[in-house]
Amino acid sequence: YRIDLQFGAHIDSGNGTHLAETTLDAWVAIDVACVTEEPTQDPALTASPSPPPPATVRGTVRDQDGNPVAGATVYRVETAADGTYEITLSPGASTLWASAPGYESEYWTSTGGTPDGEQAEVLELLHGQVVEGIDFSLNKLPVLSGTVSDAAGNAIDGATVVVSRTGWCCDAVHTDQTGHYALLLSGLGTYKLNAWVNGYVS
């Protein structure tokens, strides 16, 4: 902005006679800064709401003899050396199960667990809830072993032994040079065995 100012001087003689009158034009430059301030908002109104806390489930995985099972998988986490685990889950209904190599998988129930997924119970979880004591007891899978020989008692190398049971088919293993075989079964139950090799009747 520019502001023009005029200054005047009036000159008189000593006896009151007017002698002259002068004027002086001048200008003064004034800088004016305009500051625009953004409106402020209440952080409480603009911040995104915090997500609700998940639920926490803890427990222990043991075998049928009460020994801890390290490295077992519960849902998507592994157990520690003492068989314990901790998992965070979204609130709502969850079905939990535990599995480990050499053991029959088990689904959680309030009465002690079941290998049948159709009999599994649903665990209802709330926001921020901590549930303790969701434990599992895994049964060691049985190992089936034996020897395949001919009618004279001679061991048969390379014979195929097929194992099946109702509702499940099937698994197979081959005999070694001594006719011996060993097979880890998929679970407890009643199995049917069949052995065969070329040149022999099954």
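# A walk through a strand-rich model

The protein has 1 helix and 17 strands. What you see is a predicted model. Its average pLDDT is 82, and 76% of the residues score at least 70. Two stretches fall well short of that average. Residues 9-13 stay under a pLDDT of 50, and the model gives them 13 contacts beyond four places in sequence. Residues 26-30 are also below 50, and that stretch has 13 contacts beyond near neighbours in sequence. Read the placement of both stretches with their scores in mind.

Next, the chain as a whole. There are 202 residues, and 26% of them count as buried. The exposed surface comes to about 13,700 Å², with carbon and sulfur atoms supplying 51% of it. Now take the contacts with a separation of 6 or more. Residues 24 or more positions apart make up 54% of these.

Now look inside. In soluble globular proteins, nonpolar side chains tend to be buried together. Here the largest nonpolar core holds 20 residues. Within it, the residues with the most contacts are V57, V61, Y85, L96, I134 and F136. Which elements give two or more residues to this core? They are β3 (55-63), β6 (84-89), β10 (123-125) and β12 (136-138). Another core lies apart from it. That one has 11 residues, including A159, V161, V163 and Y191.

Pick out V57 to see how the larger core is knitted. Set aside its neighbours within four places in sequence. V57 then contacts Y85, E86, I87, L89, L96, L123, L125, V131 and I134. Several of these names have come up already: Y85, L96 and I134 are among the core residues with the most contacts.

One step back along the chain is T56, in strand β3. Is T56 buried or exposed? Its relative accessible area is 13%, so T56 is buried, since the cut-off for buried is under 20%. Beyond four places in sequence, T56 touches E86, I87, T88, Q129, V130 and V131. E86, I87 and V131 also appear among the contacts of V57.

Strand β3 has charged business too. Side chains of opposite charge can pair when their charged atoms come close. The structure holds 2 salt bridges. In one, the side chains of E86 and R58 meet, at 2.6 Å from N to O. This pair links distant parts of the chain: E86 sits in strand β6 and R58 in strand β3, 28 residues apart. R58 also forms a salt bridge with E132, and the closest N and O atoms are again 2.6 Å apart. R58 is in strand β3, while E132 is in the loop between β11 (130-131) and β12, so this pair ties together parts that are 74 residues apart in sequence. Together R58, E86 and E132 are linked in a network of salt bridges.

How open are these three residues to the surroundings? R58 is partly exposed, at 27% relative accessibility. E86 is partly exposed as well, at 46%. E132 reaches 51% and counts as exposed, because the cut-off for exposed is over 50%.

Finally, turn to the rings. A pair of aromatic rings is described by the distance of the centres and the angle of the planes. The count here comes to 3 aromatic pairs. One of them joins Y75 and W97 edge-to-face, with 5.6 Å between centres and 65° between planes. Y75 lies in the loop between β4 (73-74) and β5 (77-78), and W97 lies in strand β8 (residues 97-99), so the pair ties together parts that are 22 residues apart in sequence.

W97 has a further partner. W97 and Y107 form a tilted pair, 6.3 Å centre to centre, with 45° between the planes. Y107 belongs to strand β9 (residues 106-107) and W97 to strand β8, so this pair ties together parts that are 10 residues apart in sequence. Ring pairs thus link Y75, W97 and Y107 into a cluster.

Each member of the cluster can be checked for exposure. Y75 is partly exposed, with a relative accessible area of 32%. W97 is partly exposed at 31%. Y107 is partly exposed at 25%. Y75 has one more feature to look for: a positive phi of about 60°, although Y75 is not a glycine.

Key. Residues numbered from 1 in each chain as written. Predicted model: local features only at pLDDT ≥ 70, side-chain atom pairs only at ≥ 80, totals over all residues. Heavy atoms only, no water. Helix = DSSP H or I, 4+ residues; strand = E, 2+ residues; numbered from the N terminus. Buried < 20%, exposed > 50% of the residue type's maximum accessible area, 1.4 Å probe, protein only. Contact = heavy atoms within 4.5 Å. Areas by Shrake-Rupley, 256 points an atom, 1.4 Å probe, with all protein chains shown as cover. Phe/Tyr/Trp six-rings, centres within 6.5 Å; stacked < 30°, edge-to-face > 60°. Core = buried A, V, L, I, M, F, W, Y, C linked by side-chain atoms within 4.5 Å. pLDDT = per-residue confidence, 0-100. Salt bridge = Lys/Arg side-chain N within 4 Å of Asp/Glu carboxyl O.
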